[in-house]
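These are my notebook entries on one structure. I set down what I looked up, entry by entry.

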Amino acid sequence: MGSRLGELIDEYDVPGAQVAVLARGEVRDEAAGVLSARTRVEVTNDSVFKVGSITKIWTATLVQQLVNDGVLDLDSPVCRYLPGFTASLTARHLLTHTGGIAANHFFDTGRNGDAIEKFVDAIAEEEHPVPPGTAFSYSNSGFVVLGRLVEVLRGRLFHDVLRELLVTPLGLRTVVTDADEAILHRAAVGHREDGSPVTEWAVAYGTAPSGSHFAMSARELLEFVRLHLDDPKLAVLREPQVESVPDLGIGVVGWGLGWMLHKNSVVGHTGVSKGQKAFLRVAPDEGVAVAVLTNSVRSEPLAHRIFAELLHDEAPRTTV
């Protein structure tokens, strides 16, 4: 990609972006543009972008680790661990967005350690008219339930488990799970359709804690992806679970356990946050992955241009 990223963000009118490519076991990354159109602070390779729903793959990984440790059966009733949910709801349903739980719940449960617990308790009290396993319906709230499942079965707060089992072992330095003042100087600010900056920079609270509120650099997102390519116990997450999904407009042809499935055996996920968009595509058979993190809601054409060049319309190439 080289210095072309600067040319591309100008062409697509995106304030700032990072691109990272994993190929032949090596991660190479590039940054261009500014963190905020107001402050004009430049994006670097260590800058932090919100990754939106790419968070769900991290949550799915923690759930699969429970399975690998013999602590959880994906097909056991969730109510065995989380009272209040229907007996037919399982973790597999939640991972595949077939749990029948509404897409978004707008409970402000604060930013304390009990935020996920309160959020899930409120969801459990609601009626869920769609029986689990009967229909695909993308649900941010369903992944918050999975986050609470991790808390209960590990006996620790979700973000503590995340750091203990993923962030620290992988040696990641940029992953943010809350609005830590120490990192705000290198955090990307989102931008609206008209290009104006979004002033709020919130990570760990909102409509989907453990579902869509992590932030990190593109390089470290791919270090996480490297774990998935190296650990055969995580390959099961990429196996097709739902082969008929609605047209989401992002080329998804099926769903695994957390992963979106694209054509040509490519998997990935897309994340949307307030004023930011993040894109991840992985060709596991080739050991190639590409991450594009941006601070603009209008960056999808830029991301697909990069995928077309580096994955050849999502058929992998290994040249960077």
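**Entry 1: a pair within H7**

I began with Arg226 and Glu223, which both belong to helix H7 (residues 218–230) and sit 3 residues apart, about one turn of the helix. The model is a predicted one. I then checked the side chains and found that Arg226 and Glu223 form a salt bridge, with 3.0 Å between the closest N and O atoms. I noted that salt bridges with shared partners also join Arg4, Glu11, Arg305 and Glu309 into one network. For Glu223 I read a relative accessible area of 22%, so I entered Glu223 as partly exposed.

**Entry 2: salt bridges around Arg148**

I searched the whole structure for salt bridges and obtained 14. One of them joins the side chains of Glu117 and Arg148, at 3.6 Å from N to O. I looked up where the two partners lie: Glu117 is in helix H4 (residues 115–124) and Arg148 is in helix H5 (residues 140–154), so the pair links distant parts of the chain, 31 residues apart.

I next asked what else Arg148 meets in a salt bridge. The partner is Glu151, with the side chains at 2.9 Å, N to O. Arg148 and Glu151 are 3 residues apart in helix H5, and therefore about one helical turn separates them.

Are these residues buried or partly exposed? I recorded 17% relative accessibility for Arg148, which counts as buried because the cut-off is under 20%. Glu151 also counts as buried, at 6% relative accessibility. Glu117, at a relative accessible area of 33%, is partly exposed. As a general remark, I noted that side chains of opposite charge can pair when their charged atoms come close.

**Entry 3: the buried side of H4**

I listed the buried residues of H4 and found Ala115, Ile116, Phe119, Val120, Ile123 and Ala124. These residues cover an arc of only 165° around the axis, and so they are on the same side of H4. I then looked up what the buried residues of H4 pack against, and the result was H5 and helix H6 (158–167).

**Entry 4: the sheet**

I traced an open sheet of 7 strands, in the order S2-S1-S9-S8-S7-S6-S5, with antiparallel pairing. Strand S2 (26–33) and strand S5 (254–255) stand at its edges; each has a single partner strand, so one side of each lacks a neighbour in the sheet.

Within the sheet I examined the pairing of strand S7 (residues 267–273) with strand S8 (residues 276–283). These two strands run antiparallel and are joined by 7 bridges. Which residue in S8 stands opposite Thr270? I found Phe279 in that position.

**Entry 5: totals for the chain**

I closed with values for the protein chain, which has 8 helices and 9 strands. Of its 320 residues, 55% are buried. I computed an exposed area of about 12800 Å², of which carbon and sulfur atoms supply 48%. Lastly, I took the contacts between residues at least 6 apart in sequence, and 64% of them join residues at least 24 apart.

Technical notes: Residues are numbered from 1 along each chain as its sequence is written. This is a predicted model: local features need pLDDT of at least 70, side-chain atom pairs count only at pLDDT 80 or more; totals for chains, interfaces and linings use all residues. Side-chain values use heavy atoms; hydrogens and water are left out. A salt bridge is a side-chain nitrogen of Lys or Arg within 4 Å of a carboxyl oxygen of Asp or Glu. Helices (H or I, at least four residues) and strands (E, at least two) are DSSP runs, numbered from the N terminus. Buried means under 20% relative accessible area, exposed over 50%, partly exposed in between (1.4 Å probe, protein chains only). Two strands pair if DSSP finds at least two bridges between them. Contact means heavy atoms within 4.5 Å. Accessible areas come from the Shrake-Rupley method with a 1.4 Å probe; for residues, only the protein chains shown count as cover. The arc is that of the directions from the helix axis to the C-beta atoms.
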